[in-house]
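User: Please take a close look at one part of this model, the packing of its aromatic side chains and the helices around them, and describe it in a connected way.

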Amino acid sequence: MHNLLHLVNSWSESQFVQTFGSLFEDSAWIAEHSAPLRPFDSFEEMMQTMIQQVLGSEYEEQLELLRKHPDLGARISMSSSSVREQAGAGLDSLTPEQFMEMQQLNSTYTSQYGFPFIVAVKGHTTESILDLMRQRQGRASRQEFETALKEVFKIAGIRLQQWLEEHGQEIESGPSSSKPFSSMNVSYTNRAEKIPEEGDI
């Protein structure tokens with residue numbers, strides 16, 4: 001892994017952004033802000049740096065990042081990464097009943113919180129995702145905003161792990177787990193104080 005890390009550290013900023021700009025859905029600015037902070041000692045440090053770029057950004061930027069994510073099960077244009085991830089959870093082959101319920105849950109959720117329901121779908125099935133969507137309806141805005149951000153970080157970590165595996169790099173915790181990247185502890189900065197309370201959205 002060290003040779004690959006050395007290579008990544010030596011890349012131009014444009015090459016770094018081209019490769020890692022898609023870790024966060026349609027939000028290459030995170031890689032752009034992280035590239036000048038190289039060299040990284042590990043890929044875990046690289047991911048943590050990217051996470052801190054998000055946590056240190058304004059609330060409006062964090063909200064826009066959440067809004068970049070497509071509705072689960074939606075039959076719309078989305079990033080190639082999202083297409084693969086949703087297909088892996090069976091969301092490309094919903095029954096008519098599942099599709100209708102997911103659309104309704106998505107609509108209700110977005111109306112309440114101002115951003116789509118987000119979950120890292122790896123390891124989930126259609127039914128387990130529907131269960132989560134039902135469970136997370138009606139929670140406090142601050143709690144759900146922080147949960148959504150954590151899921152975004154999990155998604156980015158899983159995408160980085162997959163990229164490493166595609167380049168022949170073994171992850172310590174094994175290919176079936178999203179560790180170490182998507183299970184890192186996240187400490188919210190004082191930017192999180194700007195998250196609206198219930199009823200502010």
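**Aromatic packing and the helix contact beside it**

Analyst: In this predicted model, W11 has a relative accessible area of 12% and is therefore buried, since buried means under 20%. F20, at 1% relative accessibility, likewise counts as buried. These two residues, W11 and F20, form an aromatic pair with 6.0 Å from centre to centre and 35 degrees between the planes, a geometry classed as tilted. A search of the whole structure finds 13 aromatic pairs, and another of them joins Y109 and F117, where the arrangement is edge-to-face, with the centres 5.3 Å apart and the planes at 85 degrees. Y109 and F117 are both buried.

The pair of W11 and F20 belongs to a wider group, for ring pairs link W11, F16, F20, F40, F43 and W163 into a cluster. Two members of this cluster, F43 and W163, also take part in the contact of helix 4 with helix 9, to which F43 contributes from helix 4 and W163 from helix 9.

In that contact, F43, M46, M47, I51, V54 and L55 of helix 4 meet L149, F153, A156, G157, L160, W163 and L164 of helix 9. Sorted by class, the residues of this contact comprise 12 nonpolar and 1 polar, with no charged residues. As for the geometry, the axes of helix 4 and helix 9, the latter spanning residues 141-166, come within 11 Å and cross at roughly 150 degrees. Because an angle over 145 degrees counts as roughly antiparallel, helix 4 is described in this way relative to helix 9. The crossing in which helix 4 passes helix 9 is right-handed.

The loops that connect the helices of this part have backbone features of their own. Between helix 3 (29-34) and helix 4 (43-55) lies the loop that holds P39, and the peptide bond joining R38 to P39 is cis, with omega at about 10 degrees. In the loop between helix 2 (13-20) and helix 3 lies D26, a residue other than glycine whose phi is nevertheless positive, near 50 degrees. With a relative accessibility of 58%, D26 counts as exposed, whereas W11 is buried, as is F20.

Key. Residues are numbered from 1 along each chain as its sequence is written. This is a predicted model: local features need pLDDT of at least 70, side-chain atom pairs count only at pLDDT 80 or more; totals for chains, interfaces and linings use all residues. Side-chain values use heavy atoms; hydrogens and water are left out. Rings of Phe, Tyr and Trp (its six-membered ring) pair if their centres lie within 6.5 Å; planes under 30 degrees apart count as stacked, over 60 as edge-to-face and the rest as tilted. Buried means under 20% relative accessible area, exposed over 50%, partly exposed in between (1.4 Å probe, protein chains only). Helices (H or I, at least four residues) and strands (E, at least two) are DSSP runs, numbered from the N terminus. Axes are lines fitted to C-alpha atoms, for helices over the stretch in contact, and angles run from 0 to 180 degrees between N-to-C directions. Angles under 35 degrees count as roughly parallel, over 145 as roughly antiparallel, 65 to 115 as roughly perpendicular and the rest as oblique. A crossing is left-handed if the near helix is turned anticlockwise from the far one by less than a right angle, and right-handed if clockwise. Contact means heavy atoms within 4.5 Å. Ala, Val, Leu, Ile, Met, Phe, Trp, Tyr, Cys and Pro count as nonpolar, Asp, Glu, Lys and Arg as charged, and the others, Gly among them, as polar.
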